[in-house]
Amino acid sequence: MKVMTAVPAEANLSDLLNKPKATLARLASNRRLVLHRRDAEDLVITTAERAAADNAVVRDRTRLFREMIRKDPMVMTLAVQVLPAVFPWVRHLNDDERREFAAEWLEALGAAGELDNGAAVEGLVAAWRHTAEIIADPELLAFLTRERETLDYGPVVPPVVPSES
């Protein structure tokens with residue numbers, strides 16, 4: 001029986017380049033292999049089967065949670081109550097904002113699971129975190145919400161999208 005460790009194995013990119021078989025053999029007992037690079041972001045290697053399984057777990061958990069919310073609104077209430085344990089900065093949001101964040105986050109997680117791409121989730125969390133940072137700073141909140149002169153500079157011209165050739 002193979003024992004897999006929860007902590008990923010680590011190697012340098014040069015190990016993979018110089019000893020590819022020995023380096024990749026480490027995936028037999030590890031779910032992931034982190035490759036450190038000198039002048040760039042580290043890489044993570046896993047098998048396609050493991051990546052698909054990890055994605056399926058996230059997708060299925062999200063579907064389960066979404067269905068629980070659909071069946072019982074108290075689940076959303078509970079989710080909003082526990083959000084500060086996951087995202088401490090939500091304490092600066094009011095109850096309606098927390099509920100809105102939770103709903104948007106859940107929808108983004110669902111889409112991410114279907115697309116196998118979590119970038120939109122990261123962007124959503126970052127946007128809400130920045131909102132909480134603004135609310136937490138009274139001077140910044142006052143500056144950003146003050147009355148301004150309304151100047152209309154006319155219609156905005158749509159951007160030109162270059163054609164692919």
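Biologist: Contact means heavy atoms within 4.5 Å, right? Then which residues of helix 5 meet helix 6?

Modeller: Yes, that is the cut-off for contact. Helix 5 brings Glu-97, Glu-100, Phe-101, Glu-104, Trp-105, Ala-108, Leu-109 and Ala-112. Helix 6 answers with Val-121, Leu-124, Val-125, Trp-128 and Ile-135. Helices are DSSP runs of H or I with at least four residues, strands are runs of E with at least two, and both are numbered from the N terminus. This is a predicted model, in which local features need pLDDT of at least 70, side-chain atom pairs count only at pLDDT 80 or more, and totals for chains, interfaces and linings use all residues. Residues are numbered from 1 along each chain as its sequence is written, and side-chain values use heavy atoms, with hydrogens and water left out.

Biologist: At what angle do helix 5 and helix 6 pack?

Modeller: About 165 degrees, with 9 Å between the axes of helix 5 (95-115) and helix 6 (residues 119-136). Axes are lines fitted to C-alpha atoms, for helices over the stretch in contact, and angles run from 0 to 180 degrees between N-to-C directions. The two are therefore roughly antiparallel. Under 35 degrees would be roughly parallel, over 145 is roughly antiparallel, 65 to 115 is roughly perpendicular, and the rest is oblique.

Biologist: Left-handed or right-handed crossing?

Modeller: Left-handed, as helix 5 passes helix 6. That label needs the near helix turned anticlockwise from the far one by less than a right angle; clockwise is right-handed.

Biologist: Which residues of helix 6 are buried?

Modeller: Val-121, Leu-124, Val-125, Ala-126, Trp-128 and Ala-132. Buried means under 20% relative accessible area, exposed over 50%, partly exposed in between (1.4 Å probe, protein chains only). Helix 5 is part of what covers them.

Biologist: Why would residues three or four places apart point the same way?

Modeller: An α-helix has 3.6 residues a turn, so that spacing brings side chains round to the same direction.

Biologist: What about helix 4 and helix 5, what angle there?

Modeller: About 100 degrees, axes 9 Å apart. They are therefore roughly perpendicular. Met-76, Thr-77, Val-80, Leu-83 and Pro-84 come from helix 4. Arg-98, Arg-99, Phe-101, Ala-102 and Ala-103 meet them from helix 5.

Biologist: And helix 3, how far apart are its end C-alpha atoms?

Modeller: 34 Å, over the 24 residues of 48-71. The expected span is also 34 Å, so the two agree. Expected span is 1.5 Å times one less than the number of residues. Helix 6 fits too: 18 residues reach 26 Å, close to the 26 Å expected.

Biologist: What do the buried residues of helix 3 pack against?

Modeller: Helix 4 (73-86) and helix 5. The buried set is Arg-50, Asn-55, Ala-56, Thr-62, Arg-66 and Ile-69.

Biologist: New topic. In what order do the strands form the sheet?

Modeller: 1-2-3, open, with mixed pairing. Strand 1 (9-12) and strand 3 (43-45) are the edges; each has a single partner, so one side of each lacks a neighbour in the sheet. The twist averages 30 degrees from strand to strand.

Biologist: How many bridges join strand 1 to strand 2?

Modeller: Four, and strand 1 runs parallel to strand 2 (residues 33-36). Pairing takes at least two DSSP bridges between two strands. Ala-9 is partnered by Leu-33, and Asn-12 by His-36.

Biologist: Then strand 2 to strand 3, parallel or antiparallel?

Modeller: Antiparallel, through three bridges. They make a hairpin with six residues between the strands. Leu-33 turns up again here, opposite Ile-45.

Biologist: Which face of strand 1 is covered?

Modeller: The one with Ala-9 and Ala-11. Glu-10 and Asn-12 are on the uncovered face.

Biologist: Is Thr-23 buried or exposed?

Modeller: Buried, at 5% relative accessibility. Thr-23 sits in helix 2 (residues 20-24). Beyond neighbours within four places in sequence, Thr-23 contacts Ala-11, Asp-15, Leu-16, Leu-33 and Leu-35.

Biologist: And where does Arg-26 lie?

Modeller: In the loop between helix 2 and strand 2. Arg-26 is partly exposed at 35%. Not counting residues up to four places away, Arg-26 touches Ala-9, Glu-10, Ala-11 and Leu-33.

Biologist: Last one: Asp-96, buried or exposed?

Modeller: Exposed, with a relative accessible area of 60%. Asp-96 belongs to helix 5.
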